[in-house]
Amino acid sequence: MKYQLFLDNLQPVVTETPRIVVSPGIPYFLTDTGQPWTPIGQNDAVTWPELAGLFRRRDLGAVERHLWWLKANGVTCLRLMLEYCQSEHRYLERPVGRFVPNMVQLWDDLFALLEKVGLRVLLTPYDTFFMWIRWRDHPYNRKNGGPCASRQEWITCPQMREAIKNRLAFASDRWGRSPALFAWDLWNELHPAHGRNDPTAAMPFIDDISSWLRAYEVDRHGRANLQTVSVFGPELIKHPALVEPIFRHPSLDFATTHLYESGTIDTPRDTVAPALAVGRLIRVALAEAATGRPVFDSEHGPIHTFKDRKRTLPEPFDDEYFRHIQWAHLASGGAGGGMRWPNRHPHILTTGMRAAQHVLSGFLPLIDWTRFARRNLNEELRCDDPGIATFGCGASDQAVVWLMRTDSVRRDGTVALRLDTPPLTLYIPGLAAGRYEVTTMDTITGERHSHAAETATDGLTLTLKLVERDVAVAVKATG
């Protein structure tokens with residue numbers, strides 16, 4: 001099957017803007033010019049309010065202004081689906097193999113804007129959630145002239161595989177050379193149900209699609225874009241066979257998971273338990289991932305509260321919930337702060353969440369991510385204040401730590417300031433003997449305080465002033 005363009009302006013994008021790569025043994029991203037790059041952003045969709053102006057070019061100016069505002073707040077990356085089929089009007093192909101001109105134009109415009117502003121996109125070809133729910137109407141359904149008889153054969157049906165490759169070929173030919181393309185998420189939330197409830201179907205599916213796309217892009221562009229495959233996190237517990245293909249598949253470049261733990265992250269009652277869950281889940285994810293492979297959460301949020309209970313979290317609570325998850329993710333060794341699925345009405349992130357991303361972006365230069373071969377230290381850190389939870393990662397000459405109060409949770413689930421505690425002692429293991437510069441940051445205001453260099457003999461012991469609520473700490477060897 002060959003795709004039909006139905007547009008006559010297909011031109012390769014030629015640009016000198018740096019591309020994103022991975023370096024062997026370093027679990028973070030960098031540009032091909034050697035500069036650190038961190039994914040800070042969230043999930044978005046072409047039907048949601050902030051990007052809705054793209055369709056039929058209704059208001060490209062509003063979209064451009066929004067993207068510039070995101071960049072000003074430290075955002076570097078969006079996660080988007082080429083087709084978000086909550087309704088009948090945004091199919092990328094209809095019928096299968098015929099790419100809808102309005103949607104192709106939408107993506108042409110969006111890539112042009114992303115390049116202009118300097119943002120990137122983690123791109124996944126299908127919205128598998130609504131594709132599953134609305135399979136009866138989807139163009140890929142064989143009853144509608146598509147390739148696949150059953151949604152339970154999506155990753156095993158040979159004709160479906162050809163349709164997937166055809167879509168990826170079209171997208172790669174049109175946008176694969178753009179520096180705005182951070183990476184491919186080859187399949188959104190790979191699930192055993194997509195392969196007749198057989199979790200072992202995941203490995204051959206990734207073998208086929210990943211190796212095919214890599215070869216295709218090398219042949220067409222001289223290089224291949226980065227690749228990952230995402231998973232609904234709780235399925236890793238139900239189906240351990242998914243761990244190998246998601247976290248260690250040799251053809252993938254980094255690992256992504258969706259942190260929707262039941263009862264903590266998906267239905268938060270306070271802002272502390274979700275952060276503790278993220279710290280625990282990222283520690284496990286890092287342990288499961290191939291050595292030196294970047295790992296991050298590419299989708300999280302209060303999905304059960306919003307989708308099933310039809311409730312939007314109060315904004316002050318949600319802002320703190322977001323900020324706590326972000327710092328638990330980064331400090332535990334994840335790349336960036338994780339990518340929220342808004343799960344709000346309207347379906348956008350709040351101004352407070354954008355402010356939190358801006359503060360995180362200001363923290364990043366305190367660490368040299370291009371050589372930070374970190375290991376998770378959440379359980380190895382030692383703090384003499386029992387009301388503090390510790391999150392951290394470190395190497396022999398750098399460390400990131402985030403400290404969060406757990407002993408002052410209000411009735412509304414947020415954390416109250418503690419003004420009555422003495423200075424605390426924090427021990428960070430694994431740092432080699434030498435001198436270090438220590439910088440603390442207020443995660444709300446972004447205010448920094450640099451401490452006099454300390455001397456490490458067997459790890460590093462720090463004395464920190466009163467931790468009223470939470471604090472981020474960067475430790476870096478001097479010289």
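Which residue stands opposite Ile 428 in S19? It is Leu 460, and that pairing is a good way into this model. The model is predicted: local features need pLDDT of at least 70, side-chain atom pairs count only at pLDDT 80 or more, and totals for chains, interfaces and linings use all residues. Residues are numbered from 1 along each chain as its sequence is written, and side-chain values use heavy atoms, leaving out hydrogens and water.

Let us stay with strand S16 (residues 424-428). Helices (H or I, at least four residues) and strands (E, at least two) are DSSP runs, numbered from the N terminus. Two strands pair if DSSP finds at least two bridges between them. S16 is joined to S19 by five bridges, and the two run antiparallel. Strand S13 (residues 382-383) also pairs with S16 in the antiparallel sense, over two bridges, with Tyr 427 as the bridge partner of Arg 382. In a regular strand the side chains alternate between the two faces of the sheet. In S16, Leu 424, Leu 426 and Ile 428 make up the covered face, while Thr 425 and Tyr 427 make up the uncovered one.

S19 also brings us to the pockets, since strand S19 (460-464) supplies at least two residues of the lining of the second largest pocket, as do strands S17 (434-441), S18 (448-456) and S20 (470-477). A pocket is an open set of points on a 1 Å grid over the protein atoms alone, where a 1.4 Å probe fits, with protein on both sides within 12 Å along at least five of seven lines; lining residues have an atom within 4 Å of a point. A volume is the space filled by probe spheres set on the points, which are joined across faces, edges and corners.

| Pocket | Volume | Closest lining residues to the centre |
|---|---|---|
| Largest | about 940 Å³ | Phe 129, Phe 130, Ile 133, Ile 303 and Lys 307 |
| Second largest | about 390 Å³ | Thr 440, His 449, Lys 465, Leu 466 and Val 471 |

For the largest pocket, helix H3 (128-133) and helix H9 (303-308) are the elements that give two or more residues to the lining.

Now to the start of the chain. Three strands form an open antiparallel sheet in the order S1-S2-S3. Strand S1 (20-23) and strand S3 (36-37) each have a single partner strand, so one side of each lacks a neighbour in the sheet. Four bridges join S1 to strand S2 (residues 26-31), and Val 21 stands opposite Leu 30 there.

Terms used: Buried means under 20% relative accessible area, exposed over 50%, partly exposed in between (1.4 Å probe, protein chains only).
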